[in-house]
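Student: Please take one part of this model and look at it closely. I am new to this structure, so keep the sentences short.

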Amino acid sequence: MQSQHSSRTDVTNTTNPTILEQLKEQRFNEKNLIIYNPPGVNEELSARFLRSLAFATFKRRSPAFLRDLITFLQDREPEIIELCGDYAHFDLKRTIWSLELLREEIINNKEFQIFRVKAPDTDSWNTFLKGLGEDRRQWFSAVWLHADCYLYRRIWSIFQRSESLANYDYFRDQKTSAVTNVAPLMRDILVSTKGISRSEEDFQYLLKLSAWANHGDLNITRRGAHDKIYKQIAKYDLDLLADQSSDIWKDLTEASDPVYVDIVCDNAGFELFADLLLGEYIIESGLASRVRFHVKAIPWFISDCTQRDFHWLLKFFRKHEFQELNYFGKRIRSYIRDRAFILCDKSYFWTSGHDCSQMKRVQPCLYVYISQAALVIFKGDLNYRKLLGDINYKPITQFSDCLRGFQPTSVCALRVIKSDIYCGLPICTVEKLSEQNPEWMITGDKAVIQVAIKHRLSSDIIVPSTRNAIWSR
């Protein structure tokens, strides 16, 4: 008996760093009721599940991300002061201190705080937070989508407290440098797609290019914006776990005038370029008379596109030395001038904690606006999670059944898989991939193109429109 007690004491008093870290992790898990089993079917994803990407996000990724952001602000202080004014020196100190406190809140699994700084979405965010159950208001117990979105909204709120930094995009440098690096790739794509005509094959090509362009996500760089991506779309078909691109083509070609297509954008830079290229094809081939782009209202998930990013990219194109980019930028500007392209007004729904099944209730005007379109395309992994509400569906459950009533029109998802949530996949797909590589779902090597079709009634048609027939640049 004495021997057993001594053994336990030795372990408790050990100075072995590995054992100490294991004991620390064990105490954290016990204190915060961390579940060692994976989430069950139809359960909401959460960091309370040890074997989940959500747990890894708040245990390691988010604290590391905040540490990197703090280091960036410290290193760039002279440039920030030059851009934002001398008083930014003092505001930066307060901002960095607040970011450090936020990092500690995550590490220690503190309860979410309501927002004090007034902004257009402050009241709606606070109503959302107060509506969460008592066991869903902490980093490791909240629904993953809620906590993820709350993190980026908290960061923005910290910058809003200071007048000199309120309009500063702390992710801008990363987004703009990424664009500069892929300028030759964008030029090559414009050359290779010049003169393509209206056909199902060409439509599917540009749709898939738009999907795989999500490799440009700054969180996934291993194969991001591959310099030969436009030559390898057919090869990438092997990694498309679901491909309903032919159904999308059929839906658009059979739609009644006027046909609008909405694109809920994900990343700025190269992915936005691919979205604009797809939009141009849709207009010039006569598949739709208008393409409307929805972007984020605030800096979001590092590389997500804002209105400022949208305008910056067009200016980048128009001033570029590559003639192809220059001409492309001018064409996009003409589409905007003619209202064939619409950059939608800011909507804070896309940066809220709500999933899409709640849109009709919390943002009815946005729901009605989207319902005017024949098709709405949701880009990227985060938008996919917003569609599914971070619910752990069976992988074989149909995409349309996972939308939980959200179908203002035909809903399409173009997603490179970067998280452990999926649906609409062939039987045993997840099991086989997980056996080959347990972390396949975070590599960005697999994708899906899925759609839930909703045929519009004649009463849904709002205004008359004329559509073109052939795309010729």
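Tutor: Start with the residues that line the largest cavity. They divide into four nonpolar, two polar and two charged. Keep in mind that this is a predicted model.

Here are the names. The lining consists of Lys175, Thr176, Val179, Ala268, Gly269, Asp309, Trp312 and Leu313. Two elements give two or more residues each to this lining: α8, residues 172–181, and α14, residues 307–318. The volume of the largest cavity is about 50 Å³. The count of cavities of 30 Å³ or more comes to one. How is such empty space found? A probe the size of a water molecule is rolled over the atoms, and this shows where space is left.

Now turn from the cavity to the largest pocket. It holds about 680 Å³ of space. Its lining has 23 residues, and Arg51, Asp420, Tyr422, Pro438 and Met441 lie nearest the centre. Helices α3 (53–75) and α19 (429–436) are the elements that give two or more residues to this lining. The largest share comes from α3, with four residues. By type, the pocket lining divides into 13 nonpolar, three polar and seven charged residues.

Next comes the sheet. Seven strands form it, and it is open. Read across, the order is β1-β7-β6-β5-β2-β3-β4, with mixed pairing. At the edges stand β1 (240–243) and β4 (341–343), each of which pairs on one side only. Neighbouring strands are turned against each other by 15° on average, direction ignored.

Look at one pair inside this sheet. Strand β6 covers residues 410–416, and strand β7 covers residues 447–452. The two pair in the antiparallel sense, over six bridges. One position to find is Arg415, which stands opposite Val448 in β7.

Two helices lie across these strands. Helix α18, residues 380–388, lies across β2, β5, β6 and β7. It runs at about 135° to β6. Helix α17, residues 364–371, lies across β2 (260–264), β3 (290–294), β4 and β5 (375–379). Its direction is at about 150° to β3.

Two details of the backbone deserve a stop. Most residues other than glycine have a negative phi, and most peptide bonds are trans. Leu33 is not a glycine, yet its phi is positive, about 55°. Leu33 sits in the loop between α2 (17–31) and α3. The other detail is a peptide bond. From Asp257 to Pro258 the bond is cis, with omega near -5°. Pro258 has its place in the loop between α12 (245–253) and β2.

Last, how far can you trust the coordinates? The protein chain has an average pLDDT of 92, and 91% of the residues score at least 70. Two stretches need care. Over residues 1–11, pLDDT stays under 50, and the model has two contacts there beyond four places in sequence. Over residues 220–224, pLDDT also stays under 50. For that stretch the model has 14 contacts beyond four places in sequence. Where pLDDT is low, the predicted coordinates should not be read in detail.

Key. Residues are numbered from 1 along each chain as its sequence is written. This is a predicted model: local features need pLDDT of at least 70, side-chain atom pairs count only at pLDDT 80 or more; totals for chains, interfaces and linings use all residues. Side-chain values use heavy atoms; hydrogens and water are left out. Two strands pair if DSSP finds at least two bridges between them. Axes are lines fitted to C-alpha atoms, for helices over the stretch in contact, and angles run from 0 to 180 degrees between N-to-C directions. Contact means heavy atoms within 4.5 Å. On a 1 Å grid over the protein atoms alone, a cavity is a set of points where a 1.4 Å probe fits but cannot get out, and a pocket is an open set with protein on both sides within 12 Å along at least five of seven lines; lining residues have an atom within 4 Å of a point. Grid points are joined across faces, edges and corners, and a volume is the space filled by probe spheres set on the points. Ala, Val, Leu, Ile, Met, Phe, Trp, Tyr, Cys and Pro count as nonpolar, Asp, Glu, Lys and Arg as charged, and the others, Gly among them, as polar. pLDDT is the predictor's confidence in each residue, from 0 to 100.
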